[in-house]
Amino acid sequence: MKKLILMTAAVVFFGNLQATAQETAKKSKKVKAKTEASKKEEAPKFEITKVQGPGMVFERETIDYGTIDQGADGKRDFVLTNNGTEPLIITNAQGSCGCTVPSFPKEPIAPGAKAVISVKYDTNRPGAINKSVTVSTNIKDNPSKILFIKGMVNAKAVPASPLEAKPNGPTVQ
């Protein structure tokens, strides 16, 4: 009789424990789903304030390349919005050196419209990236804006011996 009572108590206890573990797992999945959904909603948002005349607001004013390999794709984009009441005209975009080459829209950017200023950095130059691009516009109060790029270019590995190097031209046999 005592064994039956103990077995019944054990079944009730472990049965409840199992149900509790299953309920905990379900709750955990719900919390994880809510957390992931909130992370998606927390994407960086910026408020655009309207200005009189042409205006220019960038999604980000610094682009971090991170650490990239020598010869990697060096093209990145700065996205801007004309937050003004008149068309924005970009008259020039100039890199701080010859290794940073920007391109910009030549046509006027309508109020509320987005545009892209692309920057191509020469990644064949190993070492730190710390360059700027000066954007000149038709904005009366502050006609120029300086954008920045940063990062690090890792040099290609150099072969340890001439036998490991690959020939550049035709091989003679």
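**Exercise 1.** In this predicted model, determine which residue forms a salt bridge with E59, and establish where the two partners lie.

*Solution.* Step 1: E59 forms a salt bridge with K114, and the closest N and O atoms are 3.1 Å apart. This separation satisfies the criterion, which asks for a side-chain nitrogen of Lys or Arg within 4 Å of a carboxyl oxygen of Asp or Glu.

Step 2: E59 belongs to the loop between β1 and β2 (62-69), whereas K114 belongs to strand β6 (residues 114-121). The pair therefore ties together parts that are 55 residues apart in sequence.

Step 3: The accessibility of each partner is then classified. E59 has 40% relative accessibility and so counts as partly exposed. K114 has a relative accessible area of 55% and is exposed, because the class begins over 50%.

**Exercise 2.** State how many salt bridges a search of the whole structure finds, and describe those of K145 and D122.

*Solution.* Step 1: The search of the whole structure yields four salt bridges.

Step 2: K145 forms a salt bridge with E61, with the closest N and O atoms 3.0 Å apart. This pair links distant parts of the chain, since K145 is in strand β8 (residues 144-154) and E61 is in the loop between β1 and β2, 84 residues apart.

Step 3: K145 is partly exposed at a relative accessible area of 25%, and E61 is partly exposed at 34% relative accessibility.

Step 4: The side chain of D122 meets that of R125 in a salt bridge, at 3.3 Å from N to O. D122, at 29% relative accessibility, counts as partly exposed; R125 is partly exposed, with a relative accessible area of 42%.

**Exercise 3.** Give the strand order of the four-stranded open sheet and identify the edge strands.

*Solution.* Step 1: The order is β1-β3-β6-β5, with antiparallel pairing.

Step 2: β1 (57-58) and β5 (100-103) are the edge strands, as each pairs on one side only.

Step 3: At the β1 edge, β1 and strand β3 (residues 75-81) pair in the antiparallel sense over two bridges. Here V57 stands opposite T81 in β3.

**Exercise 4.** Decide whether S132 is buried or exposed, and list the residues that S132 touches.

*Solution.* Step 1: S132 is located in strand β7 (residues 127-137).

Step 2: The relative accessible area of S132 is 17%. Buried means under 20%, so S132 is buried.

Step 3: Leaving aside residues up to four places away in sequence, S132 touches Q94, G95, S96, T100, I146, L147 and F148.

Conventions: Residues are numbered from 1 along each chain as its sequence is written. This is a predicted model: local features need pLDDT of at least 70, side-chain atom pairs count only at pLDDT 80 or more; totals for chains, interfaces and linings use all residues. Side-chain values use heavy atoms; hydrogens and water are left out. Two strands pair if DSSP finds at least two bridges between them. Buried means under 20% relative accessible area, exposed over 50%, partly exposed in between (1.4 Å probe, protein chains only). Contact means heavy atoms within 4.5 Å.
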